[in-house]
Every structure is written in structure tokens, then in C-alpha cells.
Amino acid sequence: MPTSNKILNNEQIQHKIKRIAYQIYESNVEETELILAGIAKSGYIFANRLKTVLEEISDLNVILCEVKLDKKNPLNGVKTSLAASEYQDKSIVLIDDVLNSGTTLIYGIKHFLEVPLKQFKTAVLVDRSHKKYPVKADFKGISLSTSLNETVKVNFSKGRDKVELL
């Protein structure tokens with residue numbers, strides 16, 4: 001059984017979410033509407049948490065979009081809960097929990113670039129720095145140096161959020 005090291009506790013994660021929300025708002029202060037595109041499961045939960053804070057601190061109309069893709073076979077395509085016409089010429093932030101190799105983010109980015117956008121940024125809770133693709137997080141909670149055989153696990157559970165290194 002692998003041992004785990006807690007990297008971030010619930011309180012620290014809430015602080016990171018609030019800080020990232022403020023950074024997103026600062027880069028979209030001129031906008032009236034913002035699309036938060038969360039990569040399914042944990043990325044979408046993270047996007048939802050960011051939406052809650054953004055609605056508290058700004059008058060932005062924040063729209064959530066769920067992004068679904070096969071992380072093992074990203075060439076199988078990307079599906080979103082919004083039609084392309086709903087995010088065309090808008091500001092978008094693509095959100096995931098962990099940036100590891102960059103594969104998930106790069107295929108998500110590719111999908112959104114099929115229509116003209118006003119602005120496009122990325123946000124992650126944990127940036128691991130094992131990139132295969134030239135993709136970066138514009139907003140990140142924490143940068144973490146890890147070995148390739150370690151795993152970062154983000155667990156979003158109301159009041160008990162945590163990030164562990166396994």
C-alpha cells in the first residue's frame with residue numbers, strides 16, 4: 001500500500017481557489033460574461049468552485065461548461081455541454097485539477113480553438129511540470145516537483161478537500 005503525503009488541506013485549497021478566482025477576474029475585468037470550461041470530473045468540480053467565488057467577488061455572468069474527453073485516447077474527440085456558438089467570441093478559461101503531461105489540456109485547447117475566441121486561458125490546482133506538450137497554466141494553485149512514478153490525487157469532498165502525493 002503506497003504511503004501518501006498531504007500536499008494541501010481543505011483550508012489551503014479554499015485559499016487557492018479564492019486566489020485563482022481573483023486572478024481570473026483581474027484578467028477578465030472588462031468582460032460581462034465568462035465561460036469556465038471544466039474538464040470532467042475533478043476539473044469540472046474545480047470550475048464549479050471557482051464559479052461560486054467569481055459570482056461572490058464580481059458581477060460577471062459566469063457560465064459553466066463541462067468538457068468530456070477520453071484521457072487515455074484523447075484523439076477520440078472532445079464533447080462539451082455547450083454548443084460552439086455559445087462560446088464563440090467569448091472569454092474562456094479551461095480548467096483541470098492537475099497539469100501533468102499536458103495531454104488533456106492540449107486536446108481541450110485544440111477543441112476550443114475551432115471557433116474564434118475573445119480570450120483563452122488555462123487554470124489548474126496543481127502543476128506537476130512533466131510536460132510532453134508546450135502548454136502552460138495561466139493560473140495555478142501550486143507548482144509541485146514530483147518524480148514520474150508519483151501520483152497527485154485531488155479529492156474534492158465538501159469540507160474535506162485535499163491534495164495528496166502517492
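1. In this predicted model, one open sheet is built from 3 strands in the order E1-E9-E8, and their pairing is antiparallel. Strand E1 (5–8) and strand E8 (152–155) are the edge strands, each pairing on one side only. On average, and ignoring direction, neighbouring strands of this sheet are turned by 30° against each other.

2. The link between E1 and E9 can be followed in detail. Strand E9 covers residues 162–165 and runs antiparallel to E1, with 3 bridges joining the two. One residue to look up is Lys6, whose bridge partner in E9 is Glu164.

3. Helix H1, residues 10–27, lies across E1 and E9. The helix runs at about 30° to E1.

4. A further open sheet has 6 strands in the order E4-E3-E2-E5-E6-E7, and its pairing is mixed. Its edge strands are strand E4 (78–80) and strand E7 (139–143), each of which pairs on one side only. From one strand to the next, the twist averages 25°.

5. Within the sheet of 6 strands, strand E2 (residues 33–39) and strand E3 (residues 61–69) run parallel and are joined by 7 bridges. Here Gly38 stands opposite Glu66 in E3.

6. H1 also packs on this sheet, where it touches E2, strand E5 (91–99), strand E6 (119–127) and E7. The direction of H1 makes about 150° with that of E7.

7. Helix H2, residues 42–57, packs on the sheet as well, touching E2, E3, E5 and E6. The direction of H2 makes about 155° with that of E2.

Methods:
Residues numbered from 1 in each chain as written. Predicted model: local features only at pLDDT ≥ 70, side-chain atom pairs only at ≥ 80, totals over all residues. Heavy atoms only, no water. Pairing = 2+ DSSP bridges. Helix = DSSP H or I, 4+ residues; strand = E, 2+ residues; numbered from the N terminus. Axes fitted to C-alpha atoms, helices over the stretch in contact; angles between N-to-C directions. Contact = heavy atoms within 4.5 Å.
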